[in-house]
Amino acid sequence: MNHVRKGISRVARLIGYSISEALNGNSRIIWRYLLFKINLLVHRIDLNYVSIEDLGLSEKRSIWMENSGGPILESILNQLGIGPTDSIIDLGCGKGGAIITFAKFPFRKIAGLDISLDMIRVAQDNFLKLRIDNTELYCCDAGNFLDLDEFNYIYMFNPFKFQVMEEVMSNLCDSAMRNPRSITIIYRNPVCHKVIMKNSTFKFLTAFDERGEIILNPIYKKLYEDTGDTYLYRQDN
Ligand SMILES: C[S@@+](CC[C@H](N)C(=O)[O-])C[C@H]1O[C@@H](n2cnc3c(N)ncnc32)[C@H](O)[C@@H]1O
């Protein structure tokens, strides 16, 4: 009975979200979002929110678990011309929502890391249910992770605070010196934008709006450097 009630409440939330998106003029993305959600329900995939307290993490370094995978991320990746020589890592991969979307693209290698072993276990379970078997997962603090040399895409969905971002950027710049290559950072909800601009050789490339559409007009670039939903940075060597 409880199971049925939970199912009804999920469907009601889904309909509520769809209506609010339609009212916001986002009707194009609604069907894709609904299909994405139905697929998660059918396969019993857990991408539910987990608070910082439930994760047992420090508020000074970390952000809670929230999914960013789905049609908006897919739309961003579609615009990047991903090919079989590309490799991507999700720093703070949580339950693997973004990785599930990466798996639709022809990446040579897909990896994720998270500080929480519980999140890694849920991600592994999700991948098993979806038969995604070409990923590598690591459990560690992103600030201590040095094996970045084989990745040319770095994905982050606002996973941690300024101090960790400084450590990550320092490790990434060391990696670029060791193994010169073009590296692209995809940073969603880019709260630590200024850390990237200040402490690294990465350049701000472009921004995507909350529908995953590229913001074309360079006149607005300055404005969107402070307000965009997803930022892209690149360093070419
Ligand atoms: C906002 S969620 C992002 C989930 C996933 N990337 C996605 O887009 O669906 C942030 C995740 O970062 C993890 N995290 C927080 N601080 C971290 C750190 N210092 N090192 C590694 N992971 C961290 C949290 O456990 C949480 O699962």
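Helices, as DSSP runs of H or I with at least four residues, and strands, as E runs of at least two, are numbered from the N terminus. The model treated in these exercises is predicted.

**Exercise 1. Place asparagine 189 and arginine 44, and state whether each is buried, partly exposed or exposed.**

Step 1. Asparagine 189 lies in the loop between β5 and α8 (193-199). Its phi is positive, about 55°, although asparagine 189 is not a glycine.

Step 2. Most residues other than glycine have a negative phi.

Step 3. A residue is buried with 20 or more other C-beta atoms within 10 Å of its own, exposed with 12 or fewer, and partly exposed in between. Asparagine 189 has 18 such atoms within 10 Å, so it is partly exposed.

Step 4. Arginine 44 also is not a glycine and has a positive phi of about 55°. This residue sits in the loop between α2 (27-42) and α3 (52-55). Arginine 44 counts as exposed because it has 9 C-beta neighbours inside 10 Å.

**Exercise 2. Describe the sheet: its strand order, its edges and the pairing of β7.**

Step 1. The protein chain has nine helices and seven strands. Seven strands form an open sheet, in the order β3-β2-β1-β4-β5-β7-β6, with mixed pairing.

Step 2. At the edges are β3 (135-139) and β6 (203-208), each of which pairs on one side only. On average, neighbouring strands of the sheet are turned by 20° against each other, direction ignored.

Step 3. β7 (residues 230-235) pairs with β5 (residues 183-188) in the antiparallel sense, over six bridges. Within this pair, isoleucine 186 has leucine 232 of β7 as its bridge partner. Helix α6 (residues 117-130) packs on the sheet, where it touches β2 and β3, and its direction makes about 165° with that of β3. Isoleucine 185 stands opposite tyrosine 233 in β7.

Step 4. β7 also pairs with β6 in the antiparallel sense, over five bridges. There, lysine 203 has arginine 234 of β7 as its bridge partner.

**Exercise 3. Decide whether isoleucine 72 is buried or exposed, and find what it contacts.**

Step 1. Isoleucine 72 belongs to helix α4 (residues 71-78).

Step 2. The cut-off for a buried residue is 20 or more other C-beta atoms within 10 Å. Isoleucine 72 has 24 of them, so it is buried.

Step 3. With neighbours within four places in sequence left aside, isoleucine 72 is in contact with Arg211 and Gly212. Its C-alpha atom is separated by 8.4 Å from that of glutamate 213, although the two residues are 141 residues apart along the chain.

**Exercise 4. Identify the residues with the most contacts inside the largest nonpolar core, and the helix that gives this core its largest share.**

Step 1. In soluble globular proteins, nonpolar side chains tend to be buried together. Here, buried residues make up 35% of the 237 residues in the protein chain.

Step 2. The largest nonpolar core has 50 residues, and Ile88, Ile89, Ile154, Tyr155 and Tyr233 have the most contacts inside it. Helix α7 (residues 162-178) gives the largest share, six residues.

Step 3. Isoleucine 88 touches, among residues more than four places away in sequence, Phe102, Phe107, Ile110, Phe151, Tyr153 and Tyr155.

**Exercise 5. State which residues come nearest to the ligand, and give the make-up of its shell by class.**

Step 1. Of the 29 residues around the ligand, Ser62, Ser68, Gly92, Gly94 and Pro159 come nearest. The elements giving two or more residues to this shell are α5 (97-102) and β2 (109-114).

Step 2. By class, the shell holds 14 nonpolar, ten polar and five charged residues.

How values were computed. Residues numbered from 1 in each chain as written. Predicted model: local features only at pLDDT ≥ 70, side-chain atom pairs only at ≥ 80, totals over all residues. Near = placed C-beta within 6 Å. Nonpolar A, V, L, I, M, F, W, Y, C, P; charged D, E, K, R; others polar. Pairing = 2+ DSSP bridges. Axes fitted to C-alpha atoms, helices over the stretch in contact; angles between N-to-C directions. Contact = placed C-beta atoms within 7 Å. Core = buried A, V, L, I, M, F, W, Y, C linked by C-beta atoms within 7 Å.
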